[in-house]
Amino acid sequence: MTHQIPSITLNNGVAIPQVGFGTFLVAEEDTQRVVESAFEAGYRHIDTAAGYYNEAGVGAAIKASGLAREDVFVTTKLRNGDQGYESTLAAFEASRAALDLDVVDLYLIHWPSPARGLYVETWRAFEKLLADGAVRAIGVSNFLPEHLTTLLESAEVVPAVNQIEVHPTFQHAATVAASRAAGLAIEAYSPLGRGADLESDVVAAIAAAHGATTAQVVLRWHLQQGTIVIPKSNNPERIAANLDLFGFELSAAEVALIDGLESGKSLGSDPATAEFSQFR
Ligand SMILES: NC(=O)C1=CN([C@@H]2O[C@H](COP(=O)(O)OP(=O)(O)OC[C@H]3O[C@@H](n4cnc5c(N)ncnc54)[C@H](OP(=O)(O)O)[C@@H]3O)[C@@H](O)[C@H]2O)C=CC1
Ligand SMILES: O=C(O)C(=O)[C@@H](O)[C@H](O)C(=O)CO
């Protein structure tokens, strides 16, 4: 099945496919196979991170796929423990080598890690990587409005994206609004609520009305708000189905019903305090 995946144009003119494939918890030894199957299903945007320890598998899949480099969009992220000017530049080189790429499409500060007090200095290194042409776009992840405000006070380049937890039961409205107001695109991580939001009766009823899966309905809800999504699955049928999103449209009333599922309960960690040992 081939899909026409729409792109979002970032604030520096770079186009990012609106649906990408997430690779958190895909083991290094499985990554090449899983990412190759994502390419076969039609994905052209892969989301990895130094802290996922699978960048080499992503790079191997790109090589094995035979796809033209310009047809694949790769995001990776800086580990918390690598924040700082020189350490960021060194960590980027390690990621670039693991991915076996000359240029990374999008590089993100994975978490603000405010206890370290280094994200502003780290951003200066990101700006250098962008100026040097080593990356096509730079952005942040898990930045709350207060972190964006601090960063923007001294940033020369406005981040292109904020990759944050967004799904029907946790819509993160204040952070989405602050990010969009500053010109950042929103990338929703855990877009399916790690599978939990698919259990909703509201979503199930809408899915039945469209002859779609619950995951397709939730992903359409994101897409119709201009949000970039990076669902993850290890299951080949779900990998394919999660990209088959362009044969139906939710009505405004259906979107509003899903909006009503907000619970305020995050499934992840609080960016104000999270540090993460695996991202040391
Ligand atoms: N920047 C950050 O801090 C973070 C970034 N991320 C990124 O976002 C990606 C996605 O987020 P993630 O937390 O994995 O959560 P998702 O919302 O993508 O949910 C993944 C879960 O949903 C299940 N699932 C996927 N598709 C379907 C389907 N069609 N029907 C039923 N169940 C389904 C998967 O199971 P199965 O595999 O069995 O299909 C898996 O258990 C990550 O892989 C990572 O790349 C995630 C967290 C934090
Ligand atoms: O997946 C990521 O990118 C994350 O940062 C999180 O999933 C984080 O590692 C976490 O939630 C650990 O429990």
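Which residues are around ligand 2? In this predicted model, Phe24, Ala49, Gly268, Ser269 and Phe276 make up the surroundings of ligand 2. By class, three residues of this shell are nonpolar and two are polar, while none is charged. Around ligand 1 there are 28 residues, of which the closest are Gly22, Leu192, Ala215, Lys232 and Ser233. The shell of ligand 1 comprises nine nonpolar, 15 polar and four charged residues.

According to an unreviewed UniProt entry, residues 26-261 are covered by the annotation "domain: NADP-dependent oxidoreductase". In the model, helix accounts for 45% of this span and strand for 14%. The C-alpha atoms at the two ends of residues 26-261 are 29 Å apart.

An open sheet is built from eight strands, arranged in the order 3-4-5-6-7-8-9-10 with parallel pairing. Strand 3 and strand 10 (228-229) occupy the edges; each has a single partner strand, so one side of each lacks a neighbour in the sheet. In general, the strands of a sheet are paired through backbone hydrogen bonds, in either a parallel or an antiparallel manner. Within this sheet, strand 7 (residues 135-141) and strand 8 (residues 161-165) run parallel and are joined by two bridges. Ser141 is placed opposite Gln163 of strand 8. Strand 8 also pairs with strand 9 in the parallel sense, here over five bridges. In this pairing, Val161 has Ala185 of strand 9 as its bridge partner.

Strand 9 (185-189) is largely enclosed by the rest of the structure, because five of its five residues are buried. Side chains in a regular strand alternate between the two faces of the sheet. In strand 9, Ala185, Glu187 and Tyr189 point one way, whereas Ile186 and Ala188 point the other way, and all are buried.

Helix 8 is likewise mostly covered, with ten of its ten residues buried. Among these buried residues are Thr214, Gln216, Arg220 and His222, together with Val217, Val218, Leu219 and Trp221. The elements that cover the buried residues of helix 8 include strand 9, helix 7 (201-210), strand 10, helix 9 (236-241) and helix 10 (252-259).

The largest nonpolar core contains 70 residues, and those with the most contacts inside it are Val74, Leu106, Tyr107 and Ala160. Helix 8 (residues 214-223) supplies the largest share of this core, namely six residues. Apart from its neighbours within four places in sequence, Val74 is in contact with Ile46, Val58, Leu99, Leu101, Val104 and Asp105.

Two loop residues were also examined. Val14 is located in the loop between strand 1 (7-9) and strand 2 (15-17). With 16 other C-beta atoms within 10 Å, Val14 is partly exposed. When residues up to four places away in sequence are not counted, Val14 touches Arg136, Ala137 and Ala160. Val14 and Phe170 are 156 residues apart along the chain, and their C-alpha atoms are separated by 28 Å. Ala27 belongs to the loop between strand 3 (21-22) and helix 1 (28-41). Ala27 is also partly exposed, as 13 other C-beta atoms lie within 10 Å. Although Ala27 and Asn54 are 27 residues apart in sequence, the distance from C-alpha to C-alpha is 6.6 Å.

Conventions
Residues are numbered from 1 along each chain as its sequence is written. Chains are lettered from A and ligands numbered from 1 in the order in which they are written. This is a predicted model: local features need pLDDT of at least 70, side-chain atom pairs count only at pLDDT 80 or more; totals for chains, interfaces and linings use all residues. Helices (H or I, at least four residues) and strands (E, at least two) are DSSP runs, numbered from the N terminus. A residue is buried if 20 or more other C-beta atoms lie within 10 Å of its own, exposed if 12 or fewer, and partly exposed in between; C-beta atoms are placed from the backbone. A residue is near a molecule or strand if its C-beta atom, placed from the backbone, lies within 6 Å of it. Ala, Val, Leu, Ile, Met, Phe, Trp, Tyr, Cys and Pro count as nonpolar, Asp, Glu, Lys and Arg as charged, and the others, Gly among them, as polar. A nonpolar core is a set of buried Ala, Val, Leu, Ile, Met, Phe, Trp, Tyr and Cys residues joined through C-beta atoms within 7 Å. Two residues are in contact if their C-beta atoms, placed from the backbone, lie within 7 Å. UniProt positions are given in the numbering used here, feature names are shortened, and annotations may be inferred rather than shown by experiment. Two strands pair if DSSP finds at least two bridges between them.
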